[in-house]
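Have your viewer open and your selection tool ready. We will walk from one stop to the next, and at each one I will tell you what to select and what is there.

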Amino acid sequence: MRLPHIPNPLKILSREHKPKSPEELAPMRHTLAHLLAAAVLELWPDAKRTIGPAIDNGFYYDFEFPTSLELRGASTKPITDSDLPKIESKMRELLPSWIKFEKHELTAEEAKKEYIGNEYKHELIDEFTKEGQKVTFYKSGNYSDLCKGGHVENPSKEIKPDSFKLSHIAGAYWRGDEKNKMLTRIYGLAFESKEMLEKYIAQQEEAKKRDHKVLGPALDLFMFHETSPGMPYWLPKGMIVINKLVDFWRKEHRERGYLEIASPLINKKELWITSGHWDHYKDDMFISNMGEGEIYGIKPMNCPNAMIVFGSQTRSYRDLPYRLSDTDILHRYERSGTLNGLLRARSFRQDDSHNFIAEDMIEAECARILDLTERFYGIFGLQYHLKLSTRPDQFMGDIETWNRAESALRKVLNEKVGSGKYGIKEKDGAFYGPKIDIHMTDALGREWQMGTIQLDFQQPRRFGLEYADKDGSRKTPVVIHRVLYGSIERFIGILIEHTAGNFPFWLSPVQAKVLPITDTQKKYAEKVYDELISAGIRAEIDTRTESLGKKIRDAKLEKIPYLIVIGEKEQKESKVTLEARGLEAGSKKEKGVSMKVSELVEKLTKENLS
Ligand SMILES: [Zn+2]
Ligand SMILES: [Zn+2]
């Protein structure tokens with residue numbers, strides 16, 4: 001299958017007008033958490049403060065509100081979202097008086113007096129003063145709180161009153177432990193300006209409409225069931241999408257010398273001991289104990305099996321690069337609280353490959369992988385950028401190998417995308433080697449980490465892998481672990497949100513729907529439908545006795561790329577009227593295109609294949 005190529009030379013996102021990063025916004029958000037607590041205490045003096053950090057889109061603070069309803073009338077009722085505007089105005093009222101932060105050091109005993117009857121803060125103070133240290137308090141306006149610092153210097157000047165908004169209230173256990181008391185968490189959004197805040201809110205609303213957890217089941221792509229939490233069931237239409245993606249993956253890889261394998265999903269503990277997963281990853285694996293000392297681990301990654309395959313035969317330098325690809329289903333025991341539809345699932349498949357190479361092949365092989373990345377992202381017209389992660393403080397192997405590998409990766413990135421046009425994450429490499437991560441920005445401007453290209457000097461050693469070099473000496477290969485989309489499941493989830501369910505034609509489960517206007521055209525419509533099916537187009541026909549308007553509306557809800565309308569006129573002229581999904585955004589006056597059936601078949605076949 002050849003696919004329409006959408007030219008996409010490595011697109012690098014503009015660094016100008018780049019919004020501030022969460023790191024840059026953290027002092028402001030952290031300051032707002034203080035301001036939130038100050039406002040809450042003014043309104044509910046009996047509320048107990050606990051903790052309140054900055055988060056990726058703003059801040060929160062957890063409180064225990066007094067449960068008695070009577071004490072101070074309405075104001076002591078457990079609070080709801082309807083209280084948020086009141087708290088927000090109080091924050092804005094206090095803000096001008098916050099002109100600086102003053103730091104004080106207190107002993108444990110002094111600190112506890114600041115929080116009489118507040119067991120949460122007392123617990124924190126005990127923890128922070130275990131070795132007799134003092135704790136720090138920061139005061140702004142009339143509000144003082146236990147804190148390690150990290151605020152803006154002058155909140156009244158540096159925080160715009162319209163750049164934050166309290167968003168919602170949620171329950172949260174003290175210290176995230178369900179054995180503890182449930183507290184009330186108040187969330188706030190905060191950005192550098194009102195415009196950025198509004199943009200974020202609009203984006204969130206759009207994202208809600210595109211939520212793959214809603215759209216996916218609505219489009220009959222996948223579903224979940226309580227008996228296998230976090231593990232998607234792929235429905236017939238979703239399976240078409242998976243298979244089309246894998247077909248594309250398979251063909252592109254085969255053409256580039258990759259060899260596809262499949263290997264056991266369930267492997268004995270001994271394999272995971274050799275790979276190191278048993279020591280470092282066991283808690284994230286599904287384990288099966290079959291008794292009599294037979295313990296198995298369900299594979300969370302394909303790497304160890306690829307090592308086994310490489311090691312199963314004598315290899316020589318002539319075999320390298322030796323590229324073993326696979327899309328086996330993997331399982332990871334993601335904690336239930338972290339599951340998020342297809343974006344974080346317990347079972348998924350990766351577009352995986354393990355490329356075994358000699359050390360002097362790093363540059364050339366990574367260049368080839370980046371070419372393939374361009375092909376894979378270009379097909380979808382997706383914008384992406386690359387980030388290099390370098391040697392972490394805790395690393396294995398010798399520094400010289402690391403230096404050579406890092407400079408090979410830098411060189412290839414400089415050549416492919418240009419010096420300074422890729423990100424660098426210092427010390428963020430894996431302990432076994434440096435890596436390049438592929439990040440994508442979707443239609444809503446959200447950034448996703450997708451694929452990764454990781455050099456690994458350690459796994460081949462652990463498995464005792466060798467190849468015979470030209471001079472006959474035995475050498476250990478380097479392995480590149482690489483995924484381009486990441487997980488296929490997650491990629492589909494992101495694609496649903498990126499396209500709002502409007503998959504490209506070649507990937508759409510149903511590509512065209514034939515819509516006879518009345519029963520009189522049914523026979524002719526069936527003939528058109530048969531021709532499309534014979535041509536390999538995934539077509540459906542709607543012969544219900546519904547109005548054309550209703551049929552079109554339904555087909556559009558199913559996000560079908562093409563609607564083929566057949567009425568009296570079309571039948572008489574042996575033609576069809578083709579309406580594209582893309583027209584729905586335009587005016588209703590946009591007319592479909594009239595064409596012969598043979599022209600229709602030719603057009604759609606071409607879009608599928610060329
Ligand atoms: Zn603070
Ligand atoms: Zn791997």
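Between which strand and which helix does the loop with F395 lie? Select F395 and you will find it in the loop between strand 18 (383-389) and helix 13 (399-416). Helices here are DSSP runs of H or I with at least four residues, strands are E runs of at least two, and both are numbered from the N terminus.

Before going further, a word on the ground rules. This is a predicted model, in which local features need pLDDT of at least 70 and side-chain atom pairs count only at pLDDT 80 or more, while totals for chains, interfaces and linings use all residues. Residues are numbered from 1 along each chain as its sequence is written, and chains are lettered from A and ligands numbered from 1 in the order in which they are written.

**Still at F395.** Add W402 and F431 to the selection: F395 touches both, leaving aside residues up to four places away in sequence. Contact means C-beta atoms, placed from the backbone, within 7 Å. G433 is 38 residues from F395 in sequence and 7.8 Å from it in space, C-alpha to C-alpha. F395 counts as partly exposed because it has 19 C-beta neighbours inside 10 Å. The scale is this: 20 or more other C-beta atoms within 10 Å means buried, 12 or fewer means exposed, and in between is partly exposed, with C-beta atoms placed from the backbone.

**Zoom out.** The protein has 19 helices and 29 strands, and its C-alpha atoms fill a box of roughly 85 × 75 × 55 Å along the principal axes. Of its 610 residues, 33% count as buried. Try colouring by domain: domain 1 is 22-191, domain 2 is 215-264 + 299-499, and domain 3 is 510-609. These bounds come from an automatic or database domain assignment. The centres of domain 1 and domain 2, taken over C-alpha atoms, are 42 Å apart.

**Into the cores.** Select I362, C366, L409, L413, Y485 and I492, which touch the most other members of the 57-residue largest nonpolar core. Such a core is a set of buried Ala, Val, Leu, Ile, Met, Phe, Trp, Tyr and Cys residues joined through C-beta atoms within 7 Å. Centre on C366 and look for L409, V412 and I453, which it touches when residues up to four places away in sequence are not counted. Apart from this core lies another, of 33 residues, including A33, V40, I79 and A190.

**A helix pair.** Show helix 1 (residues 22-43) and helix 2 (residues 84-94), whose axes come within 8 Å and cross at roughly 110°. Helix 1 is therefore roughly perpendicular to helix 2, a label for angles of 65 to 115 degrees. The axes are lines fitted to C-alpha atoms over the stretch in contact, with angles from 0 to 180 degrees between N-to-C directions. Among the residues of helix 1 that meet helix 2 are L35, A39 and L43, and those on the helix 2 side include I87, M91 and L94.

**Backbone curiosities.** Go to L320 and P321, joined by a cis peptide bond with omega of about -10°. P321 lies in the loop between helix 11 (303-311) and strand 15 (322-326). Next, select K427, which is not a glycine yet has a positive phi of about 60°. K427 is exposed, with 11 other C-beta atoms within 10 Å. Finish at A500, also not a glycine, with a positive phi of about 55°. A500 sits in the loop between helix 15 (488-499) and strand 25 (512-516).

Technical notes:
Two residues are in contact if their C-beta atoms, placed from the backbone, lie within 7 Å. Angles under 35 degrees count as roughly parallel, over 145 as roughly antiparallel, 65 to 115 as roughly perpendicular and the rest as oblique.
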